[in-house]
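Me: I should like a close look at one part of this protein, with the surrounding contacts described where they help. Please keep the account connected.

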Amino acid sequence: MQKASTDNQAAAKDIKLLVLDIDGTIAGHSNTISEPVKQAILAAQARGIQVAIATGRMYRSALRFHQDIGSTLPLMAYQGAWIQDPNTQKIHRHWVVSREIAHQLLDYFEKPELRSLLSVHFYINDRLYVRELTKETKIYAERSGVIPIPVGDLRQALTNEPTKILALSDDIDVIDKLLGNLRRQYTPAELYLTTSVATFFEATNASVNKGTAVRYLAEELLGLELANVMAIGDNFNDVEMLEYAGLGVAMGNAPSGVQAIAKWVAPSVEQDGAAVAIEKFLL
């Protein structure tokens with residue numbers, strides 16, 4: 001674990017907004033927030049620090065975590081492609097993938113050498129559409145608490161533009177290769193491509209990432225500066241958020257590339273690392 005510098009400790013006094021990822025950060029194998037983490041979050045809120053969720057999950061899947069921590073802020077779902085205030089139901093942002101690119105990605109996923117290796121998910125209007133119910137999709141659906149809608153040909157679902165497109169594979173090499181190939185095919189100005197866990201390839205609108213979402217929440221909605229923001233995350237879809245925040249904390253279970261850009265590295269999610277970080281810097 002890295003030692004916090006005096007700069008970090010000084011910066012901690014300025015923190016007014018704490019942004020948390022869900023999976024691998026505040027929720028581990030149990031798929032719930034542990035009591036020590038929940039108590040640390042509540043203690044931070046009692047000190048006047050506002051707490052928000054930024055996740056790759058669907059809005060409907062993330063809602064129970066948002067409620068669990070008693071957040072009064074908009075919820076940043078789908079890597080920030082969908083920002084909605086659960087208290088007023090106001091949707092602040094909904095950035096989608098164009099139908100044209102969705103069709104192109106589907107064509108790519110359905111190449112003979114890939115089709116049997118991938119479970120493809122289209123997220124449209126906060127519903128999950130799939131070609132078929134694969135083993136990976138069933139596991140995903142159980143953890144997410146959502147009911148997938150199998151449609152056979154996913155082109156049938158593209159009457160509306162998707163918020164996010166996800167390809168799952170148990171084979172990490174398949175996902176690595178997919179990410180590499182599609183990053184060569186699409187520039188960052190065309191599509192935001194990332195992995196939220198090693199087996200999840202994710203594509204969203206080019207303007208989307210957790211960094212732009214947190215910036216919007218902090219600066220435009222709350223009138224804060226990046227120095228007022230602490231963020232905690234565990235994977236590559238958290239990188240932009242950790243880079244933006246005045247105090248970016250990576251989890252001990254984060255890949256080394258994610259830990260490298262963080263100001264501090266907490267213990268792992270199963271060791272309640274988010275609680276340790278909150279206690280160290282905010283309490």
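Which element gives the largest share of the lining of the largest pocket?

Reply: In this predicted model, the largest share of that lining, five residues, comes from α6. The pocket itself has a volume of about 680 Å³. Its lining comprises 30 residues, and those closest to the centre are D23, R143, V197, T199 and F200. Helix α6 (135-144), β9 (164-168) and β11 (200-204) are the elements that each give two or more residues to the lining. By class, the lining is made up of 12 polar, 10 charged and eight nonpolar residues.

Helix α6 also takes part in a salt bridge: the side chains of K135 and D170 meet with N and O 3.3 Å apart. This pair joins distant parts of the chain, as K135 lies in α6 and D170 in the loop between β9 and α7 (172-185), 35 residues away. Both K135 and D170 are exposed.

A contrasting environment is found for K210 and D21, both of which are buried. Their salt bridge brings the closest N and O atoms to 3.0 Å. Here 189 residues separate the partners, with K210 in helix α8 (residues 210-221) and D21 in the loop between β1 (17-20) and α2 (35-46).

The model has 14 salt bridges in total. Some are joined in a network that links D107, E110, R115, R131, E132, D153 and R155. Within it, D153 and R155 pair at 3.1 Å between the closest N and O atoms. D153 counts as partly exposed because its relative accessible area is 32%, between the limits of 20% and 50%. R155, at 27%, is likewise partly exposed.

Note on methods: Residues numbered from 1 in each chain as written. Predicted model: local features only at pLDDT ≥ 70, side-chain atom pairs only at ≥ 80, totals over all residues. Heavy atoms only, no water. 1 Å grid on protein atoms, 1.4 Å probe; cavity = no way out; pocket = protein on both sides within 12 Å on 5 of 7 lines; lining within 4 Å. Points joined across faces, edges and corners; volume = space filled by probe spheres on them. Helix = DSSP H or I, 4+ residues; strand = E, 2+ residues; numbered from the N terminus. Nonpolar A, V, L, I, M, F, W, Y, C, P; charged D, E, K, R; others polar. Salt bridge = Lys/Arg side-chain N within 4 Å of Asp/Glu carboxyl O. Buried < 20%, exposed > 50% of the residue type's maximum accessible area, 1.4 Å probe, protein only.
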